[in-house]
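Here are my notes on the internal cavities. Please read them alongside the coordinates.

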Amino acid sequence: MFARVAPAESPGSPVGRLRSRLAKASRAAYRRFRTYLIIGVQAGLAAALAWVIAHQLLRIEEPTFAPGAAVAVIGASLARRALRTVELLLGIGVGIAAGDLLIALIGTGAWQTGIIVFLAVTGAAAARGTGLLMTQAGATAVLVATLTPANPDLELPRAINALVGGLVGLVVMLVLAPLNPLRTIRRVAGSALDLFARQMTACAEALANGDASQAEAVLDQMRNSESKLIQLREAVSAADEVAQFSPLRWRRRRAVSAYRDGVKHMERAYRNSRTLARRAGTALRDAEPVPPDLPAAIEEYGASVRLLHREFLAGEEPVQARDRALSAVRLAGEACRQEIGFSGTIVVSQLRTVTNDLLRATGVRRDEARHLVRRAAAGH
C-alpha cells in the first residue's frame, strides 16, 4: 500500500492566505527593524558622546541634559532633524528667559511654577512653534522654577548641555552614522507607490469585470491611505536632509532629488485618482458601456507608477514611466471615441489629469506636460 500524502495547500486556500500574510508581515517587520536599528545606534552613540564632552571636556558636574538633548534630536522625527535641533534649543531659551524673568517678579512656589510654565508654553505657541519647541520651553521653565532656589546657577549649564547634546546629535546623524537615504525612501516610497499601482490595477479589474462593489472597495482603500502620503513626504524630507548635509551620502543626491522634486506631484496624482475610482464605480452602477480600452488604460497607468519608482531608485531618467503613462492616455482616447457614458468620460478626463501629474513628477515642465497629454489623447 502507498502512504497517503497530504495535499499541499494552494495559495488561494485559507491556510495558504494565512501563510502569505504571515510571510508579508514578517518581511515588513524585518525591514522596520533594519531601519530603526540604525536609529538606536545613532541614539546610543550620541548619548555617550554628549555625556563625555559635557562631563570630561567642559567639566559640567551634572551632564544629564546633554545626552537627553542628543537623543531628543535623533528621536524627535525622521524628517527635518536640523530644524528640530534649532527648535529644541529655542525652546530651552524661551523656558530659561520666562523662568528668570518671572522668578525675579513673583518668586517661586506651586502657583508661580504654573504661571511660568503657562507663559513659556503659550509664548512658544504664539511664535507658531511646534510640539517639540513648546515641550522644551515648558520642561525648561519647570526646571528653572523648581530648582533655581537650590541651584541658582542651573540655567547656564542647562543651556550648555542642550547645545552640546543638539550639536552632537546632528554630527552623529549626519556625519558619523547617517541613514542610507535611498533605503529610507525605498522602505516608504516603495510601499506607497506599490499600493497606488495595485489600487489602479484593482480599479481596472473592477471595470473589466463589471464589479461595482470592487470599485467601491478600491475607493475606500484610497480614502484610508492618506497616512501613506504623509509618510512618503516625511521620508523624502529626511532623505534629502541626509543627502544634502552628510558627506558620506552625497553620491545619493541625484536619486533623492528626483523624489524630492516629484513627491508633491505624485501626492496630487494620488488624490486626483480618487475621483477616477469614484467615477469608475458610478459608471458600473449606472450600467454604462465600458470599452475594453478603458480598463486597459488604467492598468497601463498603474504600470507607469511602478516604473517611475524603479527608475527613480536607479537614478535614471524616467523615460519608460513617461512612455507608459502617455500610452495610458492613448488607450483612454481610443475608449472615448467608442460608446461610452458620462461617468466614463470623466474617468478618461481624470486619467489625463493624473498622467499630467505623473509627467510633472518626472521633471517635465508644466506646458510640455500638457502638450504631451493632448497629443497622446489625440492618438499621436
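1. The model is predicted. Its largest cavity is lined by Ala192, Leu193, Leu195, Phe196, Ser225, Lys228, Leu229, Leu232, Met266 and Tyr270. The space inside comes to about 70 Å³.

2. Which helices supply at least two residues each to the lining of the largest cavity? They are α7 (181-209), α9 (226-245) and α10 (253-285). The largest share comes from α7, with 4 residues.

3. By class, the lining of the largest cavity has 8 nonpolar residues, 1 polar and 1 charged. Lys228 is the charged one, because Lys counts as charged. Ser225 is the polar one, because Ser falls outside the nonpolar and charged groups.

4. The second largest cavity holds about 50 Å³ of space. Leu193, Leu232, Tyr259, Gly262, Val263, Met266, Leu308 and Phe312 form its lining. Leu193, Leu232 and Met266 deserve a check in the viewer: they line the largest cavity and also the second largest.

5. For the second largest cavity, at least two lining residues come from each of α10 and α11 (293-313). Here α10 gives the most, with 4 residues. In the largest cavity that place belongs to α7.

6. The lining of the second largest cavity has 7 nonpolar residues, 1 polar and no charged ones. The polar residue is Gly262, because Gly is counted as polar.

7. How many cavities of 30 Å³ or more are there? The count comes to 3. The points above cover the largest, at about 70 Å³, and the second largest, at about 50 Å³.

Technical notes:
Residues are numbered from 1 along each chain as its sequence is written. This is a predicted model: local features need pLDDT of at least 70, side-chain atom pairs count only at pLDDT 80 or more; totals for chains, interfaces and linings use all residues. Side-chain values use heavy atoms; hydrogens and water are left out. On a 1 Å grid over the protein atoms alone, a cavity is a set of points where a 1.4 Å probe fits but cannot get out, and a pocket is an open set with protein on both sides within 12 Å along at least five of seven lines; lining residues have an atom within 4 Å of a point. Grid points are joined across faces, edges and corners, and a volume is the space filled by probe spheres set on the points.
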